[in-house]
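Reader: I'd like to know what stands behind each label before I trust it. Can we go through them one by one?

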Amino acid sequence: MKRALVNVLSKHLLALSVAATLSYSVSSQAAEQWDMALAYPASSYQTQMAESFAREVGEKTAGQLAIATHPNGSLFGGGEIFSAVRRGLAPIGERIISALGNEDPLFEVDALPFVASSFDASWKLYQAS
């Protein structure tokens with residue numbers, strides 16, 4: 001279960017990393033501050049992973065990009081985060097992808113019960129999706 005959760009969260013953080021890389025201009029000399037919308041409480045695994053991601057981005061960009069995390073829906077509610085990022089109201093956000101099933105049913109595939117019943121099956125499902 002833990003491996004599957006880590007794989008799913010890794011997929012989401014990879015998507016965040018790609019979005020951050022595409023949106024951020026490394027050629028900028030001035031440090032930039034981004035606010036990251038988070039739906040979950042500060043004590044949640046999702047928020048702790050997002051905070052770790054934010055710290056690593058700061059380290060890897062030598063402080064040129066600082067990400068301030070805003071847990072518990074304090075910046076945007078969970079159901080608003082995807083739309084807020086897409087519309088440019090927030091530069092970055094985190095949301096469990098299965099919550100976005102109304103955008104595309106494929107986003108819910110890893111949350112369907114009994115689709116994958118082992119670590120191996122979960123890994124194959126992750127790769128396929």
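Author: Sure, starting with pairing: two strands pair if DSSP finds at least two bridges between them. Helices (H or I, at least four residues) and strands (E, at least two) are DSSP runs themselves, numbered from the N terminus. One caution up front: this is a predicted model, in which local features need pLDDT of at least 70 and side-chain atom pairs count only at pLDDT 80 or more, while totals for chains, interfaces and linings use all residues. Residues are numbered from 1 along each chain as its sequence is written, and side-chain values use heavy atoms, with hydrogens and water left out.

Reader: How do you know that β1 and β2 pair, and in which sense do they run?

Author: DSSP needs at least two bridges, and six join β1 to β2, so they pair, running parallel. Within that pair, Trp 34 stands opposite Ile 67 of β2.

Reader: And what makes β1 and β3 a pair?

Author: There are three bridges between β1 (residues 32-38) and β3, again in the parallel sense. Three meets the minimum of two, so the pair counts. Met 36 is placed opposite Ile 92 in β3, and Leu 38 has Glu 94 of β3 as its bridge partner.

Reader: Why are β2 and β3 said to stand at the edges?

Author: The three strands make an open, parallel sheet with the order β2-β1-β3. β2 (65-70) and β3 (92-94) each have a single partner strand, so each keeps one side without a neighbour in the sheet. On average, neighbouring strands of this sheet are turned by 25 degrees against each other, direction ignored. Helix α2 (residues 45-60) packs on the sheet and touches β1, β2 and β3, and its direction makes about 165 degrees with that of β2. Angles here run from 0 to 180 degrees between N-to-C directions of lines fitted to C-alpha atoms, for helices over the stretch in contact.

Reader: What makes β1, α2 and β2 a right-handed unit?

Author: The test is to let the strands point away from you; a clockwise path from the first strand over the helix to the second is right-handed. β1, α2 and β2 form a β-α-β unit that comes out right-handed, so by that test the path over α2 is clockwise.

Reader: Which residues form the largest nonpolar core, and why is it called one?

Author: The label goes to buried Ala, Val, Leu, Ile, Met, Phe, Trp, Tyr and Cys residues joined through side-chain atoms within 4.5 Å. Buried means under 20% relative accessible area, exposed over 50%, and partly exposed in between (1.4 Å probe, protein chains only). The ten residues here are Trp 34, Met 36, Leu 38, Ala 50, Phe 53, Ala 54, Val 57, Leu 65, Ile 67 and Ile 92. β1, α2 and β2 are the elements that give two or more residues, with the largest share, four residues, from α2. A second, separate core has seven residues, including Tyr 40, Ile 81, Ala 84 and Ala 90. More broadly, nonpolar side chains in soluble globular proteins tend to be buried together.

Reader: What does Val 57 touch?

Author: Leaving out residues up to four places away in sequence, Val 57 touches Leu 65 and Ile 67. Contact means heavy atoms within 4.5 Å.

Reader: Is Glu 108 buried, exposed or partly exposed?

Author: Its relative accessibility is 35%, which falls between 20% and 50%, so Glu 108 counts as partly exposed. Glu 108 belongs to the loop between β3 and α4 (119-128) and touches Ser 98 and Gly 101, again not counting residues up to four places away.

Reader: What is the phi of Ala 62, and where does Ala 62 lie?

Author: Most residues other than glycine have a negative phi. Ala 62 has a positive one of about 50 degrees, in the loop between α2 and β2. At 67% relative accessible area, Ala 62 passes the 50% mark, so it is exposed. Asn 72, in the loop between β2 and α3 (81-86), also has a positive phi, about 65 degrees; at 54%, Asn 72 counts as exposed too.

Reader: Where is confidence lowest and where is it highest?

Author: Confidence means pLDDT, from 0 to 100 for each residue. Helix α1 (residues 2-23) is lowest at a mean of 52, and β2 is highest at 98. Residues 24-28 stay under 50. The chain averages 84, with 78% of the residues scoring at least 70.

Terms used:
pLDDT is the predictor's confidence in each residue, from 0 to 100.
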